Amino acid sequence: MTGPSTLPHVLTGQEASDWLGGFPAREVHFPGGPEELAELVGAARADGRRLAPAGAGTWLDGGGWGRPADAVVSMRRMDTTVHYEPADLTLTVGAGMEWSALSTALDAEGQWLPLDPPGVTSATVGGVVAAGMSGSLRTLYGAVRDNVLGIEGVTGEGRVLRFGGRVVKNVAGYDLVRLLTGSRGSLVAMTAVSLRLYPRPATDRTLLFSGGVPEVLRGGAAVARLPVMAAAVDVDLGDPAELIVRLVGSEVEVSAAAAAVRAAPVTGSLLESDPVEGGESRALHLRRTAWEDGVPWVVRCSALPEHLETTVQVARRIADAWHGDVTAHVQQGVVRVKAGGTLPADAAQDTGKLVLEARARMEAMEGRLVVASAPSEASLARSGAVSPVVKQVQSRLKRLFDPDGVLAPEAPSS
Ligand SMILES: Cc1cc2nc3c(=O)[nH]c(=O)nc-3n(C[C@H](O)[C@H](O)[C@H](O)COP(=O)(O)OP(=O)(O)OC[C@H]3O[C@@H](n4cnc5c(N)ncnc54)[C@H](O)[C@@H]3O)c2cc1C
């Protein structure tokens, strides 16, 4: 991939297609700052063209649900550090900064940004904030929106606006930063973001247990109920199933937490492998963010953690039909299913019915089922029905930020 400093201002023709990787647009623009972007948006507005804001373009098609645009506007050239105050644990960077480059730089300062959504290793900071997705670390460190302090962006009217600030206590009036986080480029094209940082924990240890599916699930539920707060309690439902417990903190805290996990009901009867420590523990969890990379069909079921067994049952029904795999974030009640590959024609046809039945079961316990990825030709609803009131609020917000619909039309639904 071309580095940001060598990127041209615009790609067209074959070069644009290569960058877009199948996303239907004709051009890719790389503005160098908010003013240049505002000019692009203003021109698109005048010509009635649609722009899709982007980062590295790794998830532009939104798992098969993205809408076409006339041009994509990537923030990749806006990749500098605007402001970094290590002592305050706050940072402002260009939205196009690579997540992995930022992590490496923070590591050198003994700090980190504990967010682990799918695909994070190849994402930009703006892409992560725009998608607003969380992973296992959410229970301990909060969701993406809890860690975004401020956003600078360009509205669909071509206005450069700044929301929130650089410091932790700055909210007065409506918290628009939380609204924009997860808005997937539909309200503003973000040019810079201010984030809250954390000291990198001295000890990062992952305990691994294996056994039968019911035992491992019960073990995971027991660990999630302990008074010690684990950074991840995940279960991979393979054969054998695996319980993955990540503990972070000082050595004393982690050792005490590990003893409590081993003494929890059920974990004692599981087979424990050697714990994974430090950089290896971090690498293991980063690899897990790529669990669904390149998979054509992915479904995410979520409900209160107390319904985990039922949620897993629902997910396993789909996995059986797809010859796929299931993984669960136990603390959050989130269970993901991925297909074992491209579905055979008969399974693809039956998937619509299967997903609708599974969604009905999830909704019966006030849960949700979201089709996170599907081939673009699949005729499936991505998520359950959105209430008319929510739709009305969404379209009012869209009109406020982007009255002529210049920016990505997709409303956030996951
Ligand atoms: C395999 C895989 C599965 C994923 N699953 C999900 C999922 O289920 N749900 C989910 O929400 N995310 C999902 N993501 C997205 C992921 O969490 C990251 O946010 C994404 O990888 C960001 O990468 P990027 O910088 O390449 O953004 P892009 O792929 O360029 O953009 C991703 C989205 O964010 C918007 N966007 C990007 N940058 C900006 C910006 N500066 N301003 C405004 N909007 C912007 C785009 O319009 C697009 O909607 C997935 C990613 C991968 C690779």
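Strands here are DSSP runs of E with at least two residues, numbered from the N terminus. With that in hand, here are some close-up views of this predicted model.

**View 1. Pro240 follows a cis peptide bond in the loop between strand 13 and strand 14**. Strand 13 covers 232-236 and strand 14 covers 241-249, with Pro240 in the loop that separates them. The bond to look for is the one from Asp239 to Pro240, where omega is near 5 degrees.

**View 2. A mixed, open sheet is built from 4 strands in the order 1-2-4-3**. Strand 1 (10-11) and strand 3 (51-54) are the edge strands; each has a single partner, so one side of each is left without a neighbour in the sheet. Strand 1 meets strand 2 (residues 27-29) in the antiparallel sense, over 2 bridges. To find this pairing on screen, start at Val10 and look for its bridge partner in strand 2, His29. Helix 1 (residues 13-20) lies across strand 1, strand 2 and strand 4 (71-74), at about 75 degrees to strand 2.

**View 3. Strand 8 pairs with both strand 9 and strand 10**. Strand 8 spans residues 148-155 and is mostly covered, with 6 of its 8 residues buried. It runs antiparallel to strand 10, and 7 bridges join the two; Val148 stands opposite Leu195 there. Strand 9 (residues 160-164) is also antiparallel to strand 8, joined to it by 5 bridges, and Val154 has Val160 as its bridge partner. Strand 8 and strand 9 form a hairpin with 4 residues between them, and in this hairpin Gly158 takes a positive phi near 80 degrees.

**View 4. A shell of 33 residues surrounds the ligand**. Which residues come nearest to the ligand? They are Gly55, Gly119, Gly126, Gly127 and Gly185. Helix 4 (125-131), strand 3 and strand 10 (188-196) each supply at least two residues of the shell, and helix 4 gives the largest share, 5 residues. Sorted by class, the shell has 19 nonpolar, 11 polar and 3 charged residues.

**View 5. Val128 is among the residues that touch the most other members of the largest nonpolar core**. This core has 114 residues, and Val72, Val125, Val193, Val245, Val299 and Ala315 share that distinction with Val128. Helix 10 (residues 308-322) gives the most to the core, with 7 residues. Beyond residues up to four places away in sequence, Val128 touches Trp99, Leu115, Pro117, Val120, Ala123 and Val144.

**View 6. Arg184 and Glu366 both have a positive phi without being glycine**. For Arg184 the angle is about 45 degrees, and for Glu366 it is near 60 degrees. Arg184 is found in the loop between helix 6 (176-180) and strand 10, while Glu366 lies in the loop between helix 11 (345-364) and strand 20 (368-373). Are these two residues buried or exposed? Arg184 is buried because 23 other C-beta atoms lie within 10 Å, whereas Glu366 is exposed, with 9 other C-beta atoms within 10 Å.

**View 7. Pro275 sits in the loop between strand 15 and strand 16**. Strand 15 covers 271-272 and strand 16 covers 276-277. With 15 other C-beta atoms within 10 Å, Pro275 is partly exposed. Leaving aside neighbours within four places in sequence, Pro275 is in contact with Arg205, Thr206 and Leu207. Pro275 and Arg246 are 29 residues apart in sequence, and 9.6 Å apart in space from C-alpha to C-alpha.

How values were computed. Residues numbered from 1 in each chain as written. Predicted model: local features only at pLDDT ≥ 70, side-chain atom pairs only at ≥ 80, totals over all residues. Pairing = 2+ DSSP bridges. Contact = placed C-beta atoms within 7 Å. Axes fitted to C-alpha atoms, helices over the stretch in contact; angles between N-to-C directions. Core = buried A, V, L, I, M, F, W, Y, C linked by C-beta atoms within 7 Å. Buried ≥ 20, exposed ≤ 12 C-beta atoms within 10 Å, placed from the backbone. Near = placed C-beta within 6 Å. Nonpolar A, V, L, I, M, F, W, Y, C, P; charged D, E, K, R; others polar.
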